[in-house]
Amino acid sequence: MQPRFYGVTLTPATAAGLVASTGLPSVTFETMCLSRFAGTALDFTGLDVARDASLRPLALREWALFIGSRACSQCLAESNGMWLLWWRLGVAAACPRHRVLLADCCPRCGLRLRRGHASRGGVARRGAVDVLRCGNSGPHVAERAGCSQRLDQIEGRPATVDLLAAQQAVLDAAFGGPTTIAGVPVGAADWFRGLRFAAALHRVFAPVDYVAAYPGMPPVAADAFATAAQTRSSKAALRARNPPNVGHAAADLLLAFRALAAADPDACTQLLMPLAAAEAQLLNTSTDQRRRDQMWTVDCPGILPRLWKAIRRSRHRVFDATVRPVLRTPTAAGLEFRHLPHLIGAEDYRQLVASRLPGCNEVVGRRLTAAACARLLGARSWHAATERLGMPGHAKVVVQNAGLVRRLPEPDAFWAAASAVMDRLAARGPVDYAARRTALASLAELPPTVAERIDARSGVRIVPRQRRHAAAWIWAELTSGDIRDAPAYPAWLPDGQPVRGAAHRLDGAHRRAFVADLPAPAAAELRRYGVGLLARHGISA
């Protein structure tokens, strides 16, 4: 009968027998067993060759074929029957050499290749077996000597370029090559845990239409995923069971690999966003509380689960799940974070957004809208949006007021308004507000000579105590920021004490009076001076 650990690992007795009968060193046979991938693609923790029962949980847990194999018919034909070890991995889906999908079942008997007997499985007990013949047996196999199908004559289905690249990456990692997840170097074992985690997320949440249209998805893989999705169970998928066939393996591999191969965490987050939107829809529509609870239990160590956890936390606690389905029009596609101001223009806010945020202070609403635009550009959270916009000092205020968006009766309308604001910014021509803030970072006071020139040209005298307010006005005018954030108003005194109290309130009163009383001719001269400062740094205004 079948040796219990056949093809998995060597027991001392098996190793001694093979060495004695062949004269080859035991290491030769160790590289022919699945234990070759221990520490990379497979985890053999808990396996004890002295206990047969220790193999069962391993076979249920790991992504490998412990009975049977997949195969490339062209490889078998060229090698005259050499079966490659990696064909027994759960994510073995395509042959990079011949660019075809692997075969997993015999077209004649319908059993998995090298299954053996239909009801028992394992090693054939016949004296001689043709390695290029199927040889499976069972009640429904007509031939007494076993299925006569020639395995080297099975026609291979073509594999896509994307699938072949993913398969090659799996092989490199399985045999100990360097691996990264979202640009972060990780060990091979962590890489395969991330692969299984990403596959589990897609099994639970990915819509069938999304998978069918996925780049490089073979039709057989899309069909296998759709079939499995008909009886989709989050509990079963989260256990990340071994792909049952080569089509399912191809789907798992393609969907998961792209997230792992992302250049950085931000890019990886964008690939996970469609799953987050699908999860939100399921949470909103599912009436089964157990199913809802299971959807919240996706967790395991590693960078990929941490990204997923951050996406879910930011979506459920801070902003509405409809943030991602709101698609910007093509005119806004060229915008970057540096093209967003700290405060959306007052007119744009009043015309497009104000009615969507009833009761919100205008300055707060303009800042919140700017952060919302950063969210639409890919910032993972409101806090991250303030960092990408260069205003981390306002993160607390933005996060606190972001709750308004979540509580809106029609949050879709707010995100559509934010998208319309971005369209306007793009239509006017992208402005590098970040570069402007950098160029004007040292503008703490208007030079006396400039103040005199403005007096001569406009007839408006700027007294010495107003020169700070004039510099702040220039900064706010050209950067579209809050005048209170201007470099002219430091938050700290030279002795290290914060600026606050009566002096701070009086300074604010003087600033507001200066801005309110500033005549148009003087404003034009101040703006002309600021534009000249930007020009010296090679920035057009």
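**Figure 1. Buried residues of helix α5 in the predicted model.** The buried residues of α5 are Leu163, Leu164, Ala166, Gln167, Val170, Leu171, Ala173 and Ala174. An α-helix has 3.6 residues a turn, so residues three or four places apart point the same way. The cover over the buried residues of α5 includes the strands β1 (94-95), β2 (100-101) and β3 (179-181), together with the helices α6 (188-205) and α10 (246-260). Helix α5 itself runs over residues 161-174, 14 residues in total. From first C-alpha to last it reaches 20 Å, close to the 20 Å expected at 1.5 Å a residue. Just after α5, glycine 176 has a positive phi of about 95 degrees.

**Figure 2. Threonine 179 in strand β3.** Threonine 179 has a relative accessibility of 8%, under the 20% cut-off, and therefore counts as buried. A polar atom of the threonine 179 side chain lies 2.7 Å from the backbone oxygen of valine 186. Leaving aside residues up to four places away in sequence, threonine 179 touches Ala173, Val184, Pro185, Val186, Gly187, Ala188 and Trp191. Of these contacts, Ala173 is also one of the buried residues of α5.

**Figure 3. Glutamate 62 in the loop between α3 and α4.** The loop that holds glutamate 62 joins α3 (55-61) and α4 (73-79). Glutamate 62 counts as buried because its relative accessibility is 3%, under the 20% cut-off. Its side chain reaches the backbone nitrogen of aspartate 43 at 3.0 Å. Residues up to four places away in sequence not counted, glutamate 62 touches Ala41, Leu42, Asp43, Arg196 and Asn242.

**Figure 4. Lining of the largest cavity.** The structure holds 2 cavities of 30 Å³ or more, and the largest encloses about 60 Å³ of space. The residues that line the largest cavity are Ala41, Leu42, Trp63, Leu89, Gly90, Val91, Phe192, Leu195 and Arg196. By class, this lining has 7 nonpolar, 1 polar and 1 charged residues. Ala41, Leu42 and Arg196 in the lining are also touched by glutamate 62.

**Figure 5. The protein as the setting for the close-ups.** The protein has 24 helices and 4 strands. Of its 541 residues, 48% are buried. Among contacts between residues at least 6 apart in sequence, 68% join residues at least 24 apart.

Terms used:
Residues numbered from 1 in each chain as written. Predicted model: local features only at pLDDT ≥ 70, side-chain atom pairs only at ≥ 80, totals over all residues. Heavy atoms only, no water. Helix = DSSP H or I, 4+ residues; strand = E, 2+ residues; numbered from the N terminus. Expected span 1.5 Å × (residues − 1). Buried < 20%, exposed > 50% of the residue type's maximum accessible area, 1.4 Å probe, protein only. Contact = heavy atoms within 4.5 Å. 1 Å grid on protein atoms, 1.4 Å probe; cavity = no way out; pocket = protein on both sides within 12 Å on 5 of 7 lines; lining within 4 Å. Points joined across faces, edges and corners; volume = space filled by probe spheres on them. Nonpolar A, V, L, I, M, F, W, Y, C, P; charged D, E, K, R; others polar. Polar contact = N/O pair within 3.5 Å; in protein donor to acceptor, adjacent residues only side chain to side chain.
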